[in-house]
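Trainee: Could you take me through the interior of this model, one part at a time?

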Amino acid sequence: MKQRRIKIAPSLACADFRNLQGLMEQLEALGLDYVHYDVMDGHFTPNITFGPELQARVHAMTGIPIDTHLMIAEPDRYIERFAQAGSHLITVHVEACTHLDRTLNLIRSFGAKPGLALNPATPLSSLEYALELVEMVLVMTVNPGFVGQQLVPYTLDKIAQLRAMIDGRELDVDIEVDGNVSLANIPRMIAAGANVLVAGSSSLFMEGRSLEESFAALREVVEASTT
Ligand code: DX5
Ligand code: ZN
């Protein structure tokens with residue numbers, strides 16, 4: 001099996017907003033791969049986060065590609081606005097899409113790369129016809145809505161089955177994991193086949209630790225998991 005480069009996507013929803021410009025400069029200096037931008041609408045998810053206007057401001061502050069995770073109902077209504085606000089990737093939830101093929105094509109039509117997210121209990125069979133249409137599959141490893149939750153353990157098997165499905169079809173599709181991506185869970189997630197890690201309150205944005213310290217520990221665990 002080909003060894004994939006592990007990409008790190010810091011989760012903006014977990015960050016300290018007091019100095020956003022300074023934060024973006026720190027993330028760039030650390031060489032992080034994406035800014036993970038969680039959008040929640042209080043409908044698909046019980047919580048609400050932020051919309052396209054803030055994303056446009058973040059995009060103006062940094063050259064880091066933005067990985068937009070739409071945890072919203074009727075995502076088609078907002079795809080153009082997020083694409084214009086600088087999304088590199090736009091990930092929608094399979095549970096939120098009635099016309100999934102149309103939605104994924106809509107994302108491409110606005111110049112962004114389509115991703116597809118699955119809640120913990122959503123089966124991989126929902127990807128049967130969509131896997132060829134996406135650049136990335138996001139496996140939710142907690143139920144979406146809140147930071148600081150515990151891993152849903154069966155999602156590790158699901159990652160491994162998804163990796164086998166992708167490799168079996170000889171596709172080049174990333175697997176992103178989102179939720180409780182902690183130093184303890186990262187080795188298991190990578191071993192199962194994940195290669196994009198959403199780094200939130202469980203690893204990068206931790207109380208009482210600088211971003212640099214947390215990142216050094218994170219990188220060490222990633223390196224140990226890939227050699
Ligand atoms: C999704 C969450 C995650 C967030 C969680 O519902 O908002 O995107 O990154 O990070 P942790 O689990 O580390 O607090
Ligand atoms: Zn997310």
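Trainee: Which residues of the largest nonpolar core touch the most other members?

Mentor: Happy to! This is a predicted model, in which local features need pLDDT of at least 70 and side-chain atom pairs count only at pLDDT 80 or more, while totals for chains, interfaces and linings use all residues. Residues are numbered from 1 along each chain as its sequence is written, chains are lettered from A and ligands numbered from 1 in the order written, and side-chain values use heavy atoms, without hydrogens or water.

The largest nonpolar core (buried Ala, Val, Leu, Ile, Met, Phe, Trp, Tyr and Cys joined through side-chain atoms within 4.5 Å; buried means under 20% relative accessible area with a 1.4 Å probe, protein chains only) has 65 residues, and Leu12, Leu23, Leu116, Leu127, Val137, Leu162 and Leu197 touch the most other members. Leaving aside residues up to four places away in sequence, Leu197 touches Ile6, Lys7, Ile8, Ala9, Val177, Val181, Ile186, Ile190 and Val222 (heavy atoms within 4.5 Å). Apart from the largest core lies another, of five residues, including Ala9, Tyr34, Met136 and Val196.

Burial also matters for reading the metal site. His36 (NE2), Asp38 (OD), His69 (ND1) and Asp178 (OD) coordinate the zinc ion (ligand 2) at 2.0 to 2.2 Å; donors are N, O and S atoms within 2.8 Å of the metal, 3.2 Å for Na, K and Ca, and water is not among the atoms, so sites may look incomplete. Along the chain, these donors follow the spacing H-x1-D-x30-H-x108-D. His36 counts as buried because its relative accessibility is 0%, and Asp38 does so at 6%.

How values were computed: Buried < 20%, exposed > 50% of the residue type's maximum accessible area, 1.4 Å probe, protein only.
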